[in-house]
Amino acid sequence: MPEPDRLSAQDALFLQVEAPSQPMHVGGLAVFEGERFYDRDGAFRIDDLRSAIAGRLHLVPRFRRKLRTVPFDAANPVWVDDEDFDVANHVRVAQVASPGGWPELRAVIERHESVALDRGRPLWELWFLEGLEGGRVGLLQKTHHALIDGISGIDVATVLLDLEPDPDPIVGPEWVPEPGPSDAELLAGGVADRLSGPASWLSSIAESLRHPERTAEDLLETAVDAGRAVLAAGRPPPPTPWNVPIGPTRRYEVARVPLDGVKEIKAAVGASVNDVVLALCTGALRTFLLHRAEAVPADLTLRAFVPVSLRAEGERYSYGNKVSGLLAELPVGMDDPAERLAALVRQMAGLKQSGQAEVASQVLTVAEVAPPAMVGLTARLIARQRTVNLGITNVPGPQVPLYCLGARLLEVFPYVGVFEQTGLLLGVISYCGQLGFGCTADGAAMPDLDVLTRALETEADVLHAAVVDPA
């Protein structure tokens, strides 16, 4: 029996915390020039798209694999070939209502992103969106977080798209699915994986069987102990309008910031691009809170989870999640944009030296040796706690044009789902000289999310004027 393609503990966590109101997929919105997507008769070339994508799936084999759980939760699930795989189930077309502006496009995005992926199939979908104003075509991507993280998602997108308008066609080898293992083989493989690990795994299994409630408590305590170092916190983060139990609806908005201006800010103060992004988010959050007539005292900070990739250069074009994170205190109470940026530059330099990301990674190492059911229980307990105010994820994208069926990709915006008690996620991706912000919020808590995204664009000009062209 071949080695199973087993999910890591970190990958499996995204399955275990998923709920009807908390789909755990990531993805994004891409907007293309539209003409090349239509044939001479004006028909959308969906069959050509499906053929082109199917011809490249040998480069991303997990895109033809589905989940199989191990009996009795003896080990993490595995990926197995979907013997009924049909690319038409994953590459689809949707119509955007007339006149095809942002309100109509946003409605389609919010509707699709509120629905979880079907676990009976490979966990990804591509929705091509017709009807956008200006004759453009949108592409909405959904991929489960158990399958990819932000960096690997960029790698996969690069594989599926082209670097030139008319490349030589890629013809993949004929795909013959391998028969999946039986339940007995899955169980035997899971037990074998556990037995091949450290001896402490064996004792953890025995202890878990005797005292499952104690095991969950111990694992939670381990995570909390490590979390203290990660959070460096003796206090919970302050309440905000979006730190509430989330519902089933989503709000999605985008913002555009020129990358050249961000680089000028970076150079003026010796910051990183990520420092500048955090400063833009901090200023925009301040504007939003003032818009809501919330109290914004001078010492107010909001706690943001900032993912950090642990993926080595040699692991490019691989799957799964290899991320840790830092927790940044955003000084939204400061009214001077230059002072906010300076404070963040100092703080992030200190956090990178503090070992926060390594400690957070150690929590995931503990999860690898703990029984999956206990990890799931612990993850759900932690998810219900308010430990951060929001997440901010910044992924560098390609700075050269990409194409699909010869149509140029014009702009791209990420999508990252919200989770319990944290109803706001700000995603950023750079592409061809632009930072594209994709901001996701709970629909009920943040119907005015557009105030935040407009503030992001304004804050870029304000910060540039403050540090690059001060009076």
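Student: Why does Glu-411 count as buried in this model?

Tutor: The model is a predicted one. Glu-411 has a relative accessibility of 12%, and buried means under 20%, so Glu-411 is buried.

Student: What makes the contact of Glu-411 and Arg-256 a salt bridge?

Tutor: The side chains of Glu-411 and Arg-256 meet at 2.8 Å, N to O. The limit for a salt bridge is within 4 Å, so this pair qualifies. The pair links distant parts of the chain, with Glu-411 in strand E13 (residues 407–416) and Arg-256 in strand E8 (residues 250–258), 155 residues apart.

Student: Why is Arg-256 called partly exposed?

Tutor: The relative accessible area of Arg-256 is 36%. Partly exposed lies between the buried limit of under 20% and the exposed limit of over 50%, so Arg-256 is partly exposed.

Student: How do you know that Glu-125 and Lys-142 meet in a salt bridge?

Tutor: The N to O value for Glu-125 and Lys-142 is 3.9 Å. Because the cut-off is within 4 Å, the pair counts as a salt bridge. Glu-125 lies in strand E6 and Lys-142 in strand E7 (residues 137–144), so the salt bridge ties together parts that are 17 residues apart in sequence.

Student: Are Glu-125 and Lys-142 buried or exposed, and how do you know?

Tutor: Glu-125 has a relative accessible area of 14%, and Lys-142 has a relative accessibility of 2%. Buried means under 20%, so Glu-125 is buried and Lys-142 is buried.

Student: What makes Arg-119 and Glu-18 a salt bridge, and where do they lie?

Tutor: Their side chains meet at 2.7 Å, N to O, and the limit is within 4 Å, so the pair is a salt bridge. Arg-119 is in the loop between helix H3 (102–113) and strand E6 (124–130), whereas Glu-18 is in the loop between helix H1 (9–16) and strand E2 (25–32). The two residues are 101 residues apart. Glu-18 counts as buried at 17% relative accessibility, while Arg-119 is partly exposed at 36%.

Student: How many salt bridges does the structure hold?

Tutor: The structure holds 19 salt bridges.

Student: Why is helix H9 called oblique to helix H13?

Tutor: H9 (residues 273–291) and H13 (residues 449–467) pack at an angle of about 125 degrees, with their axes 8 Å apart. Roughly perpendicular covers 65 to 115 degrees and roughly antiparallel begins over 145. The angle of about 125 degrees fits neither class, so H9 is oblique to H13. H9 passes H13 in a right-handed crossing.

Student: Which kinds of residues form the contact of H9 with H13?

Tutor: The residues of this contact divide into 13 nonpolar, three polar and one charged. Among them are Val-276, Leu-280 and Phe-288 of H9, and Leu-452, Glu-459 and Leu-463 of H13.

Student: What is notable in the phi of Leu-405, and why is Leu-405 called buried?

Tutor: Phi of Leu-405 is near 55 degrees, a positive value in a residue other than glycine. Leu-405 is in the loop between strand E12 (403–404) and E13. Its relative accessible area is 18%, and the buried limit is under 20%, so Leu-405 is buried.

Student: Why is Asp-73 called partly exposed?

Tutor: Asp-73 has a relative accessible area of 40%. That value falls between 20% and 50%, so Asp-73 is partly exposed. Asp-73 lies in the loop between strand E3 (65–68) and strand E4 (78–81).

Notes
Residues numbered from 1 in each chain as written. Predicted model: local features only at pLDDT ≥ 70, side-chain atom pairs only at ≥ 80, totals over all residues. Heavy atoms only, no water. Helix = DSSP H or I, 4+ residues; strand = E, 2+ residues; numbered from the N terminus. Buried < 20%, exposed > 50% of the residue type's maximum accessible area, 1.4 Å probe, protein only. Axes fitted to C-alpha atoms, helices over the stretch in contact; angles between N-to-C directions. Left-handed = near helix turned anticlockwise from the far one by under 90°. Contact = heavy atoms within 4.5 Å. Nonpolar A, V, L, I, M, F, W, Y, C, P; charged D, E, K, R; others polar.
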